[in-house]
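Thanks for asking me to look this one over. I have set my comments out as numbered points, so you can check each against the coordinates on your screen.

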Amino acid sequence: MSAQVYQHTLKSPALFAGIGVHTGAYTRVSVKPASVDAGIVFVRTDIADRDNVVPAHGEAVCKTQLGTVIGNAAGVTVATIEHLMAALVMLGVDNAVVELDGPEMPIMDGSSAPFVRVLDRAGLRSQDVARAYIEILDTVEVIDGEKRATLRPASGFEVAFDIAFDSAAIGRQSVDLVMDEQMFRDELADCRTFGFLSDVEALRAMGLARGGSMDNCVVVDGDAILNPEGLRRPDEPVRHKALDAIGDLFLLGAPLLGRFEGVLAGHGLNNALVRALLARPDAWRIRTFAEALRQTG
């Protein structure tokens, strides 16, 4: 029970480096321990002439095209944070300072699995304050044409997602999971981002996908998967969309007790849902398991 009741931070820094999928820039990262109630905070160590601290919060999201970008009032941004955020929340890291010397988080292999490995090596340390959960009390939904993102009350954390693409390599896929740390490790963490070869030229003209390759992305060309190793799971694409949503939802600032449902949704709609929930204080409450804390203390 203690892992659910108490806040946690890292025992030691988690270190890694790699290129950003969009910028192509090589970035070094250190995820460091933080004090209780600090939440997740990003610090751009390559910037010294203005505020370089960017708290990970839903209202800090400034761009959602093919990734989640957060920024502060000084115009300092950190891109593609969602895969690390998913690993942090599902491994139970409440408080951490993420220092990086570039504009974008490394994409690694396109999944959360590399982040899980470095966080495991760093280890977690329990903190003597109750973990806060966001408990969903009423349904909140955002709709954009055929796309939909919804939060509903549930006894735990559940994630469901539906996607549909014309490509026979993907087609229609659905996933519906009751999420906890082990489920994330077993079913979602290793599922990679995906993209279409036909979009690459246009994306690069917009300054995106400059670091993208088959080393960090499932590449779809028409009805074929181009990666020589193929998919890690038959429904890897929809599982990755669920992973993205978990990372985007952690920008609420705490883990969820509720059910997320995404239909054809992406980072933009995920963030719209986060903002819609924050604007509905009657639809959620902060919950701790303080009674269990007293019994085990």
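The points below move from pockets to a helix, then to single residues and the cysteines.

1. **The kind of model.** Please keep in mind that this is a predicted model. Every value quoted below is therefore computed from a prediction.

2. **The largest pocket.** About 930 Å³ of space lies in this pocket. It is lined by 35 residues, and L66, T193, F194, G195 and L203 are the closest to its centre. Several elements each give at least two residues to the lining: helices α2 (82-91), α5 (197-205), α6 (236-249) and α7 (267-278), together with strands β14 (157-164) and β16 (194-196). The largest share, four residues, belongs to α5. Sorted by class, the lining has 16 nonpolar, 12 polar and seven charged residues.

3. **The second largest pocket.** Here the volume is about 600 Å³. Of its 26 lining residues, Q4, R131, Y133, M179 and D180 are the closest to the centre. At least two residues each come from α1 (2-5), α2, β15 (172-179), α6 and β19 (256-263), and α2 has the largest share with three. The class split is 18 nonpolar, five polar and three charged residues. If you plan to look at α2 on screen, note that it contributes at least two residues to the lining of the largest pocket and also the largest share to this one.

4. **One cavity.** How many cavities of 30 Å³ or more are there? The count comes to one, and the volume of the largest cavity is about 30 Å³. Its lining is made up of V89, G92, V93, D94, R131, F250 and P255. By class these are four nonpolar, one polar and two charged residues. R131 is worth a second look, since this cavity-lining residue is also among those closest to the centre of the second largest pocket.

5. **D94, on the cavity wall.** D94 helps to line the cavity and lies in the loop between α2 and β9 (96-100). Is D94 buried or exposed? With a relative accessible area of 12%, under the 20% cut-off, it counts as buried. The D94 side chain has a polar contact of 2.9 Å with the side chain of R131, and it also reaches the backbone nitrogen of H8 at 2.7 Å. Setting aside neighbours within four places in sequence, D94 is in contact with Y6, Q7, H8, G39, I40, R131 and P255.

6. **Helix α3.** Why can α3 be called largely enclosed by the rest of the structure? Because seven of the 10 residues in this helix (residues 113-122) are buried. They are A113, P114, F115, V116, V118, L119 and A122. Their cover includes β1 (6-10), β2 (14-19), α2, β10 (124-130) and α4 (181-188). Just after the helix comes G123, with a positive phi near 80 degrees.

7. **L91, a link between α2 and α3.** L91 is found in helix α2 and is buried, at a relative accessible area of 5%. Its C-alpha atom is separated by 7.7 Å from that of V116, although the two residues are 25 apart along the chain. Beyond neighbours within four places in sequence, L91 is in contact with V116, L119, D120, L124, E181, F184 and R185.

8. **T68, a buried loop residue.** T68 is found in the loop between β6 (61-63) and β7 (69-71). Its relative accessible area is 1%, so it is buried. The T68 side chain makes a polar contact of 2.7 Å with the side chain of D248. Not counting residues up to four places away in sequence, T68 touches V61, K63, V78, A79, T80, I81, E82, D248, L251 and H267.

9. **Cysteines.** The structure holds zero disulfides. For C217, the closest cysteine sulfur is that of C191, and at 13 Å it is too far for a bond. C217 is buried, with a relative accessible area of 13%, whereas C62 is partly exposed at 46%.

Notes: Residues numbered from 1 in each chain as written. Predicted model: local features only at pLDDT ≥ 70, side-chain atom pairs only at ≥ 80, totals over all residues. Heavy atoms only, no water. Disulfide = S-S within 2.5 Å. Buried < 20%, exposed > 50% of the residue type's maximum accessible area, 1.4 Å probe, protein only. 1 Å grid on protein atoms, 1.4 Å probe; cavity = no way out; pocket = protein on both sides within 12 Å on 5 of 7 lines; lining within 4 Å. Points joined across faces, edges and corners; volume = space filled by probe spheres on them. Nonpolar A, V, L, I, M, F, W, Y, C, P; charged D, E, K, R; others polar. Contact = heavy atoms within 4.5 Å. Polar contact = N/O pair within 3.5 Å; in protein donor to acceptor, adjacent residues only side chain to side chain.
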